[in-house]
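Here is a friendly tour of some strands and an enclosed space in this structure. Please keep the view at hand as you read.

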Amino acid sequence: MRVRRGGRFVVGTAVIGCWALLAACGPTGSDSAGHKPVHVADAPAQLPVPQGKGSKVPDDFNGDGHRDLVLNDLVKAHSHADDAGLGIVYGGPHGLTPGARQLLSPKKQAAPTKGRLPAVFDAEASCDLDGDGFTDLVVSTDPPYDGQGRPPVPLQILFGSPAGLTGRAVKLTVPARARFGNDWPDQPVCGDFDGDGEADLVVHASSGRLSYLRGPFSRKGAPHAAAAPIPSPGEVPTGPAADVNRDGYVDLVVRTAEGTAKSAVVLGGPDGPTRTGVVLPTGIDVALGRFGKGKALDAAVGGIGKTSLRYDLPSADRATLATPGSMLDTADFDGDGRDDLVSSGSRLRIFRSRTTGLSTSGTVTVEPPARGTTRVLTAGDFDGDGRADLVVRTYRGETNDTVAVYRGAEKGLLEAKPVARFSSSEFLVR
């Protein structure tokens, strides 16, 4: 489960190389039948978005039972062009289908403020806020603000439907009683923090407080309930959230600041995320997962040259792992029920989980596709085979990029070649 700041995935430095994954002894996986890579040069024509009936699959905006992909920061037609918006690639029985794509732009989808449409339209968090079986998307915008008094809420909600994210967004309502100070109410994190079966939102307030909005949310963007801001060991909530101690309440990671900072696990309960569970060491990034040592989840905190591990939270048995990167993601790539750790920065590597915890044995190194800046976009099961897939993206300036999807494998963690490869420039084709 990737812990990220404000929906903007952290950049790593790419290495010159080909599309290949090299384990300690070299992987032997290959593309499966029906998984021909989709190259930029022969990308398919745009396909209709499949119609769904609702599901509980994460990031399933059209409710067809298949996970979808969100892309921020699309490449531009030329270096001086305006931001095009964000893109959705819809999933299918064999994983992501680059042809089934959708461009979401401020002009067509954003709600205006004082008659003005925003210029910024970035994905921040996703969950089923109204409980209808279709994942909804929370986006950030830039509403007009003169700097006097309390700023407007910059967050808007795009509701999922059988046809995907098709309607115009509505503004998220953060009641005045739930706000504190004059900071922007942003950094949304989804989770069922009070255990009632409905998705809630936590957003930044200020001065060590968070705004807690209880779901379900109305189609006008209003929460079911919201009380006074809750005290917190930090004011930068990060997601995705998870039930760390397996008590039925989703828990939250809160950081004291952006960049290198301390963080803490805040435990959910009937009143929401109000109890500090364990304070984590100072680091640049935090990821939660089950690495193999106990019944509860574990935490990995990325720093310069090493990752600090805290096993079986909140007891926090300590260990360290020598890693080449400080940005972290976790997912179960081989389907063994334990999460593996993705470390990115100067290199992009995957550390395998064992029954005794994470290990440097059998580490897989991902070589990015070309010169540029490589990001780990996400990790999740896009083809429904019970193993997570890894999605990475390499930028070469503002006008050229490549997105690659690597399929999880029982042996070697990932298949050697991407099962899909495309460019976000496809969203610019009308």
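Let us start with an open sheet of 4 strands, ordered β6-β7-β8-β9 and paired in the antiparallel sense. Its edge strands are β6 (122–127) and β9 (170–171), each of which pairs on one side only. Strands here are DSSP runs of E with at least two residues, numbered from the N terminus, and two of them pair if DSSP finds at least two bridges between them. The model is predicted: local features need pLDDT of at least 70, side-chain atom pairs count only at pLDDT 80 or more, and totals for chains, interfaces and linings use all residues. Residues are numbered from 1 along each chain as its sequence is written, and side-chain values use heavy atoms, with hydrogens and water left out.

**Pairings across the strands**

Each row gives a pair of strands, its bridges and one pair of facing residues.

| Strand pair | Bridges | Facing residues |
|---|---|---|
| β6 and β7 (residues 136–140), antiparallel | 5 bridges | Ala-123 and Val-139 |
| β7 and β8, antiparallel | 4 bridges | Ser-140 and Leu-155 |
| β8 and β9, antiparallel | 2 bridges | Gln-156 and Lys-171 |
| β24 (residues 340–344) and β25, antiparallel | 3 bridges | Val-342 and Ile-350 |
| β25 and β26 (residues 357–367), antiparallel | 6 bridges | Arg-352 and Ser-359 |

Strand β8 (residues 155–158) is covered on both faces: Leu-155 and Ile-157 are buried on one side, and Gln-156 and Leu-158 are buried on the other. Buried means under 20% relative accessible area, found with a 1.4 Å probe on protein chains only.

**Two hairpins that share β25**

Strand β25 (residues 348–354) takes part in two hairpins. With β24 it forms one that has 3 residues between the strands, and with β26 it forms one that has 2 residues between them. Strand β25 is also mostly covered, with 6 of its 7 residues buried.

**An enclosed space**

The count comes to 1 cavity of 30 Å³ or more. A cavity is a set of points, on a 1 Å grid over the protein atoms alone, where a 1.4 Å probe fits but cannot get out; lining residues have an atom within 4 Å of a point. The largest cavity holds about 30 Å³ of space, where the volume is the space filled by probe spheres set on the points, joined across faces, edges and corners. Its lining is made up of Arg-179, Phe-180, Gly-181, Asp-183, Pro-185, His-204, Ala-205 and Ser-211. These lining residues divide into 3 nonpolar, 3 polar and 2 charged. Here Ala, Val, Leu, Ile, Met, Phe, Trp, Tyr, Cys and Pro count as nonpolar, Asp, Glu, Lys and Arg as charged, and the others, Gly among them, as polar.

Definitions and conventions:
On a 1 Å grid over the protein atoms alone, a cavity is a set of points where a 1.4 Å probe fits but cannot get out, and a pocket is an open set with protein on both sides within 12 Å along at least five of seven lines; lining residues have an atom within 4 Å of a point. Buried means under 20% relative accessible area, exposed over 50%, partly exposed in between (1.4 Å probe, protein chains only).
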